[in-house]
Amino acid sequence: MINKYTSRSQLKRMPPVFGAPEVEHALNSFLVAIQRLREEATLKPLDTQGFCGSRAARAECRDAQLSPVDFDIQTQNFSMAPYHIRKYQESDHQQVVALFSQGIIEHIPTTFRYVLKLPRTLVLLLGGPLALFLVSGSWLLALGADLTLLAALRFLVKHCFTEYVVTSLNTDMSDITKSYLSERGSCFWVAESEGRVVGTVGALPVEEPSLRKERLELFHLSVALERRGEGIAKALVRTVLQFARDQGYSEVVLSTSMMQHSALALYQHMGFQKIGQYFHKKTWALMAVAVVQFSYRLPSTQVS
Ligand SMILES: CC(C)(COP(=O)(O)OP(=O)(O)OC[C@H]1O[C@@H](n2cnc3c(N)ncnc32)[C@H](O)[C@@H]1OP(=O)(O)O)[C@@H](O)C(=O)NCCC(=O)NCCS
C-alpha cells in the first residue's frame, strides 16, 4: 500500500503487478507520479511565498467535498502558483494601476447596498416620493422620483470611489518611480507570480514635517481577485513593516475606508491598532462612510 512514507526508491522496487511490461511500466509511472504529488503537497514554502491551505483553497476543498489529501494536492498544484515580492519596476506600471483601480472600484456595490440601508436613505426613498404623490396624486411621478433618487445615489457612491482612483492616478501613482523610489525612506513593492503582478503596496513618510522621520504610511495595498486568501497581502504588509524597521521608523500608519472589510480584518489580524476615524469629504459624510486610521508601533530596536 502506498502512503506518504513510501519513498520513490521503494516504489521502483515494488514487485510487478501484471505480467505485460507495458502495463507494468504504465502502472509504475502512475505510482511514481502519485508519490511526487504527495511530496510536492507537503512542501511548505518560505515566508514570502504562497502559503499552503489558504482560506480560499479551504473553501474550494469544502465545496468540492475533497478529502484532506486531495485538498493538499489540489492547493499546491492547481490553485496556487508561487509568488515573490520585489521592488516595483517601470514595466509594472500598467498592471499596478489596473490592480489598484480594481481594488478600489470593487467596493462600489457593497457601499451602495450599505447606503440604501441607512435610515436617512430610507426616509428619502419613501418619504420623498410619498410627499410627491400626496401633492400631485400621480403614482407614476412618485415612482419616477424614486428611480431618479436611486440613480443619483448610485452615481454618488461611484463618484466617490472613482474620484479617489483618479486623484491617485494623477498624483503619486502617475510616476511611481519618482514618488516612491527616489528617496531612501520610501518604497513600492509588487508580488509577482508567473510573470504577472498579483499584489501591490507602497510606503511613504507621512506629510507632516515633524513626523516624517518617525512615521511611515502604507498605501495602495491590493491583491488580484483570483489570488486572495493566499497570504499575499500579509506578506506585502510584513515587507512594509520590515522596511520601516530597517529605515529606523517607529510607527507604520495607514487609512482605509470602513467599507473595505477584508482590509479591516487583515490589519486587525496583523496587530494594527485603530487610532481614529474621519470623513474624507462631505460626500463621504453624506454616505456615512468613514475613513479608519490604523497604526502599528514598531518595538524600539535600541538597547537600554
Ligand atoms: C484586503 C486585501 C489586500 C487582502 O488580500 P489577501 O491576499 O486576500 O489577504 P491575506 O490572504 O494575506 O489575508 C491575511 C489575513 O487577513 C484577513 N482577511 C483577509 N481577507 C479577509 C476576508 N475577506 N474576510 C475576513 N478576513 C480576511 C484574515 O485575517 C487573513 O488571515 P487568515 O487567512 O489566516 O484568516 C484584498 O482583499 C484586496 O486587495 N482588497 C481590495 C483592495 C483593498 O481593499 N485594499 C486595502 C487598501 S487599504
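These are my notebook entries on the fold, the core and the ligand shell of this structure.

**Entry 1: the model.** I noted at the outset that the model is predicted. I then counted elements: the protein chain has twelve helices and seven strands. I looked up burial next. Of the 304 residues of the protein chain, 24% count as buried. I also checked contacts with a separation of 6 or more. Residues 24 or more positions apart account for 65% of them.

**Entry 2: the sheet.** I traced the strand order. The sheet is open, has seven strands and runs β1-β2-β3-β4-β5-β7-β6, with mixed pairing. Which strands stand at the edges? They are β1 (84–87) and β6 (273–278). Each has a single partner strand, so one side of each lacks a neighbour in the sheet. From one strand to the next, the twist averages 25°.

I looked at one edge again. β6 pairs with β7 (residues 291–297) in the antiparallel sense, over five bridges. I picked out one bridge there: Y278 has V291 in β7 as its partner.

**Entry 3: helices over the sheet.** I checked two helices against the strands. α5 lies across β2, β3 and β4, and runs at about 80° to β3. α10 lies across β1, β2, β3, β4, β5 and β7. Its angle to β3 is about 30°.

**Entry 4: the cores.** I went through the largest nonpolar core, which has 38 residues. L218, I232, L236 and V240 touch the most other members. Elements that each supply at least two residues include α5 (93–105), α9 (176–180), β2 (187–193), β3 (196–205) and β5 (251–257). β4, α10 and α11 are also among them. Which element gives the most to this core? I found α10, with eight residues.

Another core lies apart from this one. I counted seven residues in that core, among them V115, V157, C160 and M259.

I then followed L218 by itself. Leaving out residues up to four places away in sequence, L218 touches V201, A203, V240, V252 and L254.

**Entry 5: the ligand shell.** I listed 19 residues around the ligand. Which of them come nearest? I found G103, R228, A233, A265 and L266. I sorted the shell by class: seven residues are nonpolar, eight polar and four charged.

I asked where the shell comes from. β4 (215–223), α10 (232–246) and α11 (261–269) each supply at least two of its residues. The largest share, five residues, comes from α11. I marked β4, α10 and α11 as suppliers to the shell that also supply the largest nonpolar core.

Technical notes:
Residues are numbered from 1 along each chain as its sequence is written. This is a predicted model: local features need pLDDT of at least 70, side-chain atom pairs count only at pLDDT 80 or more; totals for chains, interfaces and linings use all residues. A residue is near a molecule or strand if its C-beta atom, placed from the backbone, lies within 6 Å of it. Helices (H or I, at least four residues) and strands (E, at least two) are DSSP runs, numbered from the N terminus. Ala, Val, Leu, Ile, Met, Phe, Trp, Tyr, Cys and Pro count as nonpolar, Asp, Glu, Lys and Arg as charged, and the others, Gly among them, as polar. A nonpolar core is a set of buried Ala, Val, Leu, Ile, Met, Phe, Trp, Tyr and Cys residues joined through C-beta atoms within 7 Å. A residue is buried if 20 or more other C-beta atoms lie within 10 Å of its own, exposed if 12 or fewer, and partly exposed in between; C-beta atoms are placed from the backbone. Two residues are in contact if their C-beta atoms, placed from the backbone, lie within 7 Å. Two strands pair if DSSP finds at least two bridges between them. Axes are lines fitted to C-alpha atoms, for helices over the stretch in contact, and angles run from 0 to 180 degrees between N-to-C directions.
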